[in-house]
Amino acid sequence: MTEAPLLDIRSVSMSFPARRGLAAVLGGTKPRELKAVREVSLQLQSGETVGLVGESGCGKSTLGRCIAGLYKPTSGEILYRGEPLHASENRAEAPRRVQMIFQDPYASLNPRMTIAQTLSEVLSVHSLAKGRHNITERVDRLLTIVGLSPKLQAQLPHSFSGGQRQRISIARALAVEPEIIIADEPVSALDVSIQAQIINLFIRLREELHLAYLFIAHDLNVVRHVSHRVAVMYLGQIVELAPSQELFRNPGHPYTNALLSAIPKPDPDQRSRAISLEGELPDPHSPPPGCSFHTRCPIAIARCTIEAPKLLEHAPSRWVRCHRAFEIRAHNLKPPSTIHT
Amino acid sequence: MDNHPLLSIRHLTTVFEMPGRSVHAVDDVSFDIGRGEVFGLVGESGCGKSATCRSILRLFAGAPARIRQGAILFNGRDLLQLDETKMSDVRGAEISMIFQDPMTSLNPTMRIGEQIAEGLRRHQRLSGPQSRRAAQELLGEVGVSRPETRVADYPHQFSGGMRQRVMIAIALACRPQLLIADEPTTALDVTIQDQILKLLLRIRDEYGMSILLVTHDLGVVAQTCDRVAVMYAGRIAELADTRSLLKFPRHPYSRALLNSIPGQEEASAELVPIPGSPPDLSAPLAGCRFHPRCSHALAECTAAPPDLLMVRPGQATACIRHGILS
């Protein structure tokens, strides 16, 4: 028997009621729904990092928040080692297993609490350390783990730089000794030189503490660097799931291909004037029929406008939701990124 | 033919006077932008790249900025000598600017068409109907579909990428010779960024204008700029044609920036971050401002700030150790 995965997301959907105008409310119009996440299934193993990418509004943060328990999914289940993660009997335990780190370290720390207070609050709420001496010792250790000097613990957040604040947020998440960390754009507010420091910290902590990450980011270079596997989302659905290096080397979905070719490469010899993806994200309130991507897809055929493709395993560990999976590279005899100008 | 550069900045020094301290945001910065050139200004937050742009137009949004010295020659005329009335004739007409966040730079209570037409009436004295027709044309030109109906929409009815297109239409309205684009795609998704950058390049080709593009992303520089200046702590560290800078950086900071971009390597090798963080500009360091974080620093580096010197044709570097990086 294989062991249950650390985290098993089974067909999770999350809808939000759309705001209605007064006339619609009085007229009794049925509220429209925004399906932010549509039947997403994903597994996370211990020590594994899965990157979650896609454009703003694709549902990647909503999925992260569902797992962290900040939203209750409309349907589907989230299992932790085979048990429901957020079941009522697990309410006290769940936050100790899954912790979340946010994009903006300025907004996620209380400006009136010293670093020591922020960290000791977590420790005492979860009864992880008792007595002043034990708490101080744990706070010192947490700060050391994330590369900050314990001497700084009496200071308030404003005296720290963005990178240091993100280290404090990480220390706070680690205080409860979680196994899973949902990191929602954890480095996108930071400058590149500082970003590299924090990415290295994430990787070091993963090795040392055997953490599993769901790493949500729009920067594909960052995701490529930290992830073992990558899931690409479009309008609430996973359209491709693959081992990171394979996905970047040979994208199977035309959307993944477009995302990759849109990354500006820091190489002036590989310039392209071709636009990688025309148009904008369709209105998520009424996703297009058939394949949601067909309105922007360069290789869409008649079938794509009628029949929604399923997420299928086209090669070992390579899941693609497309009627023409892996045809994009053949179609683009010259991928746009290599046309020299 | 006019061989003078369109814009020549000489020894620009801009200081923010805060209570009890002065922040030296731009310190002795000089560079030229040629006609039809896309010139990149890169660096991390607080390096002075935005302050440099704002100094050109003297748009400081109420910040206590003072341009202490220097000259900003635009078509040979020093903008710093112009009074506020003359300067407002330049803004939007000869030089226009777009910003990172198009939502906060558009007026939420005004129809898009009106916001585009406003500049045309102010600077080109077009009549109401003429300016409205021009606004609609401009909107189509920047890739907004159904411009005839969308001119009547308000900013909140546009997506982030479409708002940036509207900003570009406003900036282009009077056919400026220089467009200053301050992180124009930073708030956008990568696919939309790609569309906007290519729109800017197409406009440069069609209008023959010059673009000063501020960015923190060396990928954006590689894809769009002809020449580029790397700024660090208020000073230019290196100035070169894009290819030389990215292929043969001669300043340790430029090289370190390139090394800290993730995703370059196939395997997840450890990134090489730059240790420490940028200096506090209210208490300027003696010597080279990068020396506390530089792995090549010598005792001399703490003495005087190095001059920006030609190290190869088309490449100037402010580092006394540039030789070891060649």
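Helices, as counted here, are DSSP runs of H or I with at least four residues, and strands are runs of E with at least two, numbered from the N terminus. The exercises below apply this to a predicted model.

**Exercise 1. Determine how many helices and strands chain B has, and whether its radius of gyration fits or departs from the globule rule.**

Step 1. The secondary structure of chain B amounts to 11 helices and 12 strands.

Step 2. For 326 residues the globule rule gives 20 Å, and chain B has a radius of gyration of 21 Å, which is close to that value, so chain B is as compact as a globular protein of that length.

Step 3. Taken along the principal axes, the box filled by the C-alpha atoms of chain B is roughly 65 × 50 × 45 Å.

Step 4. Of the residues in chain B, 48% are buried, and among its contacts between residues at least 6 apart in sequence, 64% join residues at least 24 apart.

**Exercise 2. Carry out the corresponding analysis for chain A, starting from its helices and strands.**

Step 1. Chain A comes to 12 helices and 12 strands.

Step 2. A compact globule of 341 residues would have a radius of gyration near 20 Å, and the 22 Å of chain A agrees with this.

Step 3. The C-alpha trace of chain A spans about 70 × 60 × 55 Å along its principal axes, and 44% of its residues count as buried.

Step 4. When contacts in chain A with a separation of 6 or more are considered, 66% of them come from residues 24 or more positions apart.

**Exercise 3. Describe how helix 4 of chain A crosses helix 5 of chain A, and which residues meet there.**

Step 1. The axes of helix 4 (residues 115–125) and helix 5 (residues 132–145) of chain A come within 10 Å and cross at roughly 115°.

Step 2. Because angles of 65 to 115 degrees count as roughly perpendicular, helix 4 of chain A is roughly perpendicular to helix 5 of chain A.

Step 3. The crossing of helix 4 of chain A past helix 5 of chain A is right-handed.

Step 4. From helix 4 of chain A, the residues A:A116, A:L119, A:S120 and A:L123 meet A:I135, A:R138, A:V139 and A:L142 of helix 5 of chain A; by class, this contact has six nonpolar, one polar and one charged residues.

**Exercise 4. Identify which elements of chain A give two or more residues to the side that touches chain B.**

Step 1. In this interface, 35 residues of chain A are in contact with 37 residues of chain B.

Step 2. The elements of chain A that give two or more residues are helix 7 (192–209), helix 8 (220–226) and helix 10 (254–262), and helix 7 of chain A gives the most, with seven residues.

Step 3. By class, the side of chain A that touches chain B has 16 nonpolar, 11 polar and eight charged residues.

How values were computed. Residues are numbered from 1 along each chain as its sequence is written. Chains are lettered from A and ligands numbered from 1 in the order in which they are written. This is a predicted model: local features need pLDDT of at least 70, side-chain atom pairs count only at pLDDT 80 or more; totals for chains, interfaces and linings use all residues. Axes are lines fitted to C-alpha atoms, for helices over the stretch in contact, and angles run from 0 to 180 degrees between N-to-C directions. Angles under 35 degrees count as roughly parallel, over 145 as roughly antiparallel, 65 to 115 as roughly perpendicular and the rest as oblique. A crossing is left-handed if the near helix is turned anticlockwise from the far one by less than a right angle, and right-handed if clockwise. Two residues are in contact if their C-beta atoms, placed from the backbone, lie within 7 Å. Ala, Val, Leu, Ile, Met, Phe, Trp, Tyr, Cys and Pro count as nonpolar, Asp, Glu, Lys and Arg as charged, and the others, Gly among them, as polar. The radius of gyration is taken over C-alpha atoms; the globule rule is 2.2 Å times the number of residues to the power 0.38. A residue is buried if 20 or more other C-beta atoms lie within 10 Å of its own, exposed if 12 or fewer, and partly exposed in between; C-beta atoms are placed from the backbone.
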